[in-house]
Amino acid sequence: MFAKLTARDEWKYMLSLPHASGPLTIAWWTILLARGLLPALFVVAMGVLVGAVQRGDSLLFPLALVGTLFVLVQVLSPLHLMTSQNLGSKMAAYLYDRLTEACTEPDGMGHLENPEVTKDLAMARDFDLGISGPPLFVSMDFIAAGLVEMVAGIVATCLLFGYAWWAPFLVGGAWFMTHYLLRESGVWRDRQTDEVRMAQRHADYAYQMAVNAPASKELRLFGLADWVVERFANHRRLLHDLRWQATRLRQRPLTVSILLVTVANVIVFVSLANDATQGLLELQELVIYAAATMTASMVAFGGLSWALDGAAAPAGAVQRLHPSMAETGGLAVGTLPATNLPSKSIEFKDLKFAYPTTGEVTLEGFNLTIPAGTTLAIVGPNGAGKTTLAKLLCRLYDPQVGCIEIDGTDLRDLSIESWRGRVTAVFQDFIRFELSLRENVCPTGEASDELILRALERAGMKDLVSLDTILNKAYANGTDLSGGQWQRIALARALCQVYLGAGLVLLDEPTAQLDVRGEAEIFSRVIEETKHVTTILISHRFSTVRQADLICVLEHGRVIELGSHDELIELGGRYQTMFDLQASHFLESDEEEDLDVLD
């Protein structure tokens, strides 16, 4: 039973509070216990006051005691609220820090493409936005209120031991039984089921489509605004209904609970009245025990609330993500330096790779040797494994069978940090920093302005804006760029890394958003700037591909043709078929437009 308790998200959440803020956690619990004691102390103080009035004693001390406790009740409540809000904010920051660490610490990226963790990741990523429940700074006060009532009820119940040994068991037991009988209204049943999480995921997705800019054009163009709102409302309603079903009060146990607590309280009050009538209880004692019996009801209304369930779910998700992501995204750790590599060749030997989460084989029996200093273009249908090769060369994944050798050394034996210092890349989904132009070209700050301007000039972006301009209109004096301009900045970033010492350049559809002539011109400059390093280009455009020293045709994860443009045209195989098909769409033989290769 203890193992089940410690495995619950609520337990993990409470144990995480000191990690968020030790002093605030201590203050939060201290005030909580003090607030829980105050109702019972107030009952005793009122009894003392009644007794003093009855005996004709001085009322100075009893009134001072009652007044002090009353002031504490009024003061501790807002103080606890402020403490709860601050602790909730600290806890949210702590969980986001842990999530950030879980996502960024693994050397690979398999954990970010793993569908097994998407439910927990969706829960952990947006938990404090108020979409699926109140933010933690609000939830903490609800949690505190429930626990304060529970403590107050328990302490009041314990006061009844002064009257009779059986009274606290009868009254306290009856009120405690409501937690069992009405267990579906508490946290004894998990509200974060797979069905609930899926409904939340759909609701969050519809919400993101409605409020974020990327989807706004097509939503308006195709008249989907009402559809998105309706989709969001339906999934939010489903989410609410599912959670309500997990927490609803059942009629039969509710009736049983009312009967149980009624009978228990009637027995105690009848006994108190009888004893008072017979003179066995003084008025002071009668007031204390009668008030304690009523205050004991707080046991039923306090405890672990729905707010703790909602707050604990993301905490549990984050804690589950950390080990699972570390395992899924982990890579073999090499130690050898990658200084001046590659200087001879990059060789793929009998490579087999399947994405761990899907098991789909993308490369099998893959063999290829790339001489250092060569510009290699890779072409082939979608899904042939082109982008996978780039990920493997960046050590974002490791192959299951075979190896990649850099100058005869297994890539897995090289230090990941050292090797990545030798690699630069432009991916299809390149990053767009909301930073200055300077920081977009060289985020590390290692390059001089002279090198940055040189990279921008070779990428066709010279004198567009100042290096200090923030590339987002949301900032003062900021600016927005077109897709093609952003792509040129990504190219400039790669060139800047070449100037700083990178020896391998990976270009995955680096100029897809540029026009054909602009692409050919830019790639000619890139080849000129990278002629002393190894460059691997993945592209569908043959106007760019034909400029490479070697062209590799990839299908079904294997190399089917390899050679220069002229050699492959002369061969009359798959490459010539693709080239002729694309060339047939041009009005002039020396122009090529953007057209994807056949799947």
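This is a short walk through the sheets, cores and aromatic contacts of the structure above.

Okay, one thing before I start: we're looking at a predicted model, so please keep that in mind throughout.

Let's begin with the bigger picture, the sheets. There's an open sheet of six strands, and the order across it is S6-S7-S8-S3-S9-S10, with mixed pairing. Which strands sit at the edges of that one? They're S6, residues 423-426, and S10, residues 558-563, and each of them pairs on one side only. If you ignore direction, neighbouring strands here are turned by 20° against each other on average.

Zoom in on the S6 end. S6 pairs with S7, residues 504-508, in the parallel sense, over four bridges. One to click on is Thr424, whose bridge partner in S7 is Val505. Then there's a helix on top of this: H19, residues 483-499, packs on the sheet and touches S6 and S7. Its direction makes about 170° with that of S6.

Now the other sheet I want to show. It's open too, with four strands in the order S2-S1-S4-S5, and the pairing is antiparallel. S2 and S5, the latter being residues 409-410, are at the edges with a single partner strand each, so one side of each has no neighbour in the sheet. A helix packs here as well: H15 touches S1, S2 and S4, and makes about 115° with the direction of S1.

Within that sheet, S1 and S4 are antiparallel and share five bridges. Have a look at Glu347, by the way, which stands opposite Glu405 in S4. Moving along, S4 and S5 also run antiparallel, joined by two bridges, and there Ile406 stands opposite Thr409 in S5. The hairpin of S4 and S5 has two residues between the strands, and Asp407 takes a positive phi near 55°.

Right, on to the cores. As general background, nonpolar side chains in soluble globular proteins tend to be buried together. In this model the largest nonpolar core has 43 residues. Which of them touch the most other members? Val379, Val441, Ile452, Leu456, Leu507 and Tyr575. And we meet H19 again, since that helix gives the most to this core, with 10 residues.

Take Leu456 as an example. Leaving out residues up to four places away in sequence, Leu456 touches Leu437, Val441, Met461, Lys462, Leu467 and Ala492. There's also a second, separate core of 35 residues, including Leu121, Met123, Met140 and Ala315.

Next, the aromatics, which I suspect some of you were waiting for. How many aromatic pairs turn up in a search of the whole structure? The count is 13. One of them is Tyr355 with Tyr397, edge-to-face, 5.2 Å centre to centre and 85° between the planes. That pair links distant parts of the chain, 42 residues apart: Tyr355 is in the loop between S1 and S2, and Tyr397 in the loop between H15 and S4. Both tyrosines, Tyr355 and Tyr397, are buried.

Here's another, Phe542 and Phe579. Why do we call it edge-to-face? Because the planes are at 85°, with the ring centres 5.8 Å apart, and the cut-off for edge-to-face is over 60 degrees. Phe542 belongs to helix H21 and Phe579 to helix H23, and they're 37 residues apart. Buried or exposed, for Phe542? Buried, because its relative accessibility is 1%. Phe579 is buried as well, with a relative accessible area of 14%.

Two more ring items. Tyr163, Trp166 and Tyr289 are linked into a cluster by ring pairs. And if you like cation contacts, the charged end of Arg454 sits over the ring of Tyr499, 4.1 Å from the ring centre.

Last stop, Thr339. You'll find it in the loop between H14 and S1. Thr339 counts as exposed because its relative accessible area is 57%. Now pick Ala52 too: the C-alpha atoms of Thr339 and Ala52 are separated by 89 Å, and the two residues are 287 apart along the chain.

That's my tour, and I'm happy to spin the model around for anyone.

Key:
Residues are numbered from 1 along each chain as its sequence is written. This is a predicted model: local features need pLDDT of at least 70, side-chain atom pairs count only at pLDDT 80 or more; totals for chains, interfaces and linings use all residues. Side-chain values use heavy atoms; hydrogens and water are left out. Rings of Phe, Tyr and Trp (its six-membered ring) pair if their centres lie within 6.5 Å; planes under 30 degrees apart count as stacked, over 60 as edge-to-face and the rest as tilted. Buried means under 20% relative accessible area, exposed over 50%, partly exposed in between (1.4 Å probe, protein chains only). A charge sits over a ring if NZ of Lys or CZ of Arg is within 6 Å of the ring centre and within 35 degrees of the ring normal. Two strands pair if DSSP finds at least two bridges between them. Axes are lines fitted to C-alpha atoms, for helices over the stretch in contact, and angles run from 0 to 180 degrees between N-to-C directions. Contact means heavy atoms within 4.5 Å. A nonpolar core is a set of buried Ala, Val, Leu, Ile, Met, Phe, Trp, Tyr and Cys residues joined through side-chain atoms within 4.5 Å.
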